[in-house]
Amino acid sequence: MQISLLIQPQSQPFPLSTTQETQTNIITMQVKSTIFILSFFTIFCFKFLHATNPPLSLDYYKSSCPNAEAIVRKEMECVVQSDLRNAALILRLHFHDCFVQGCDGSVLLDDTVTLQGEKNAPTNLNALKGFEFIDRIKEKLESECPGIVSCADLLTYAARDATVLVGGPYWDVPAGRKDSKTASFSQVESNIPRPNDGLLSIISKFLYQSLSVTDMVALSGAHTIGMARCTNYRARIYGDYQTTATMSNIAEPNLKNLKATCPAAGGGDNNEAPMDYVSPSLFDNTYYHILLRGEGLLNSDQELYSSVLGVQTSKLVRKYAEDQIAFFAQFSESMVKMGNITNPETYVDGEVRNNCRFINT
């Protein structure tokens with residue numbers, strides 16, 4: 001995997017001295033070496049851990065529950081038609097599930113006396129919604145095919161359908177995941193990218209999942225739908241937003257509105273704003289246009305284009321802004337890749353939950 005992390009020329013308005021240029025080159029080489037080593041070991045470990053996993057297949061439920069995908073699709077049509085914003089809720093659930101223990105339905109587990117789930121981890125608390133939609137779909141599947149379709153597969157199907165129903169691409173979903181009997185509160189905080197993360201931190205978290213820089217930029221495009229809470233973008237709008245944004249006729253009133261609903265200090269933490277204020281309910285490539293203008297709502301988003309270390313990521317942002325078909329194609333490929341991150345423990349001690357909130361008894 002090749003990662004380009006050179007200093008962007010446009011970030012240096014004045015020529016560097018020979019000493020400064022030498023120091024810059026040394027720092028750049030150190031960063032590149034660090035990322036290369038990290039990339040090598042994370043991918044090696046990932047492949048070693050997953051080498052013995054049973055393969056997922058497109059016809060996994062062909063005999064046991066042939067209507068599984070149709071049931072999920074029908075229910076998701078109701079969910080999204082009732083409120084287009086629900087599509088983003090399901091897509092976010094899938095992301096947060098796969099980045100902790102693999103795509104094993106662990107994010108759906110409620111806390112019990114004997115199990116600490118992931119829902120109340122700080123990164124997930126107040127951020128994840130839509131669990132009742134998964135409950136409803138699971139009830140339909142259990143009625144048709146009791147004990148057959150895992151919650152992990154259900155959520156993966158639902159994320160695909162949510163994307164399609166708001167104008168995004170379609171992709172075939174391999175199935176055969178098992179549901180985990182465990183969850184990891186701690187991995188939520190260590191594995192999931194945070195809104196104020198810098199570029200190197202974001203890259204490392206994707207590499208840990210064996211997802212490339214290209215996957216990272218494409219999957220970040222999911223932010224073309226959905227909302228963010230004030231607590232996650234406050235630092236951005238009162239920080240370097242004015243530095244990165246062109247402050248065009250669109251940017252100035254948008255920033256004013258953001259500050260009106262998200263005060264600098266005290267209150268409003270759960271007030272929300274769309275990450276794509278142009279077309280917040282449509283899955284398109286407008287998100288990348290917003291990044292080109294320097295108006296990304298989250299720091300972790302704008303870093304893809306504005307970071308001085310992001311020559312490769314900024315090129316991808318421009319590419320997807322110019323070519324929605326290319327974005328859709330890569331997003332579909334990267335979603336399959338992310339969905340194939342499985343939990344090896346589930347193939348030894350996994351199950352198909354009867355209720356996605358609780359382990360079978």
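Buried here means under 20% relative accessible area, so Arg 234, at 15%, falls on the buried side of that cut-off. Everything that follows comes from a predicted model.

Arg 234 is a handy place to start with the charged pairs. Its partner is Asp 269, and the two form a salt bridge whose closest N and O atoms are 2.9 Å apart. Asp 269 sits in the loop between α11 (251-261) and β2 (272-274), while Arg 234 belongs to helix α9 (residues 230-237), so this bridge ties together parts that lie 35 residues apart in sequence. The two ends have their own surroundings: Asp 269 is partly exposed, at 36% relative accessible area, whereas Arg 234 counts as buried.

That bridge belongs to a total of 17 salt bridges in the structure. Another of them pairs Lys 337 with Asp 215, with 2.8 Å between the closest N and O atoms. Here both partners are helical: Lys 337 lies in α15 (residues 324-339) and Asp 215 in α8 (residues 213-220), so the contact ties together parts that are 122 residues apart along the chain. As for accessibility, Lys 337 is partly exposed with a relative accessible area of 35%, and Asp 215 is buried at 3%.

Lys 138 and Glu 142 tell a local story. Their side chains meet in a salt bridge at 2.9 Å, N to O. Why is the separation of Lys 138 and Glu 142 about one helical turn? Because the two residues are four apart in helix α4 (residues 131-144). Both ends of this bridge are tucked away from the surface by the accessibility criterion: Lys 138 is buried with a relative accessible area of 3%, and Glu 142 counts as buried at 16%.

Not every charged residue keeps to a simple pair. Asp 110, Lys 119, Asp 135 and Arg 357 are linked in a network of salt bridges.

Turning to the cysteines, a search of the whole structure turns up four disulfides. Counting the bonded cysteines along the chain, the connectivity reads 1-4, 2-3, 5-8, 6-7. In general terms, a disulfide is a covalent bond between the sulfur atoms of two cysteines.

One of these links is between Cys 65 and Cys 145, whose sulfur atoms are 2.1 Å apart. The S-S torsion comes out at about 75°, so the disulfide of Cys 65 and Cys 145 is right-handed. It links distant parts of the chain, 80 residues apart: Cys 65 is in the loop between α1 (18-50) and α2 (68-82), and Cys 145 is in the loop between α4 and α5 (151-165). Both Cys 65 and Cys 145 are buried.

A further disulfide joins Cys 98 to Cys 103, with an S to S distance of 2.0 Å. The link of Cys 98 and Cys 103 is right-handed, with 115° about the S-S bond. Both of these cysteines, Cys 98 and Cys 103, are buried.

Which hand does the link between Cys 151 and Cys 356 take, right or left? The torsion about its S-S bond is about -95°, so the disulfide of Cys 151 and Cys 356 is left-handed. The sulfur atoms of Cys 151 and Cys 356 are 2.1 Å apart. Cys 151 is in helix α5 and Cys 356 is in the segment after α16 (346-349), so the bond ties together parts that are 205 residues apart in sequence. Both ends are hidden: Cys 151 is buried with a relative accessible area of 0%, and Cys 356 is buried with 2%. Elsewhere, Cys 78 is partly exposed, with a relative accessible area of 44%.

Gly 176 rounds off the picture. This glycine is placed in the loop between α5 and α6 (185-191), and Gly 176 is buried at 6% relative accessible area. What does Gly 176 touch, leaving aside residues up to four places away in sequence? The contacts of Gly 176 are Leu 56, Tyr 60, Asp 153 and Tyr 347. Gly 176 can also be set against Ser 150: the two are 26 residues apart in sequence, and their C-alpha atoms are 7.9 Å apart in space.

Methods. Residues numbered from 1 in each chain as written. Predicted model: local features only at pLDDT ≥ 70, side-chain atom pairs only at ≥ 80, totals over all residues. Heavy atoms only, no water. Salt bridge = Lys/Arg side-chain N within 4 Å of Asp/Glu carboxyl O. Buried < 20%, exposed > 50% of the residue type's maximum accessible area, 1.4 Å probe, protein only. Disulfide = S-S within 2.5 Å. Contact = heavy atoms within 4.5 Å.
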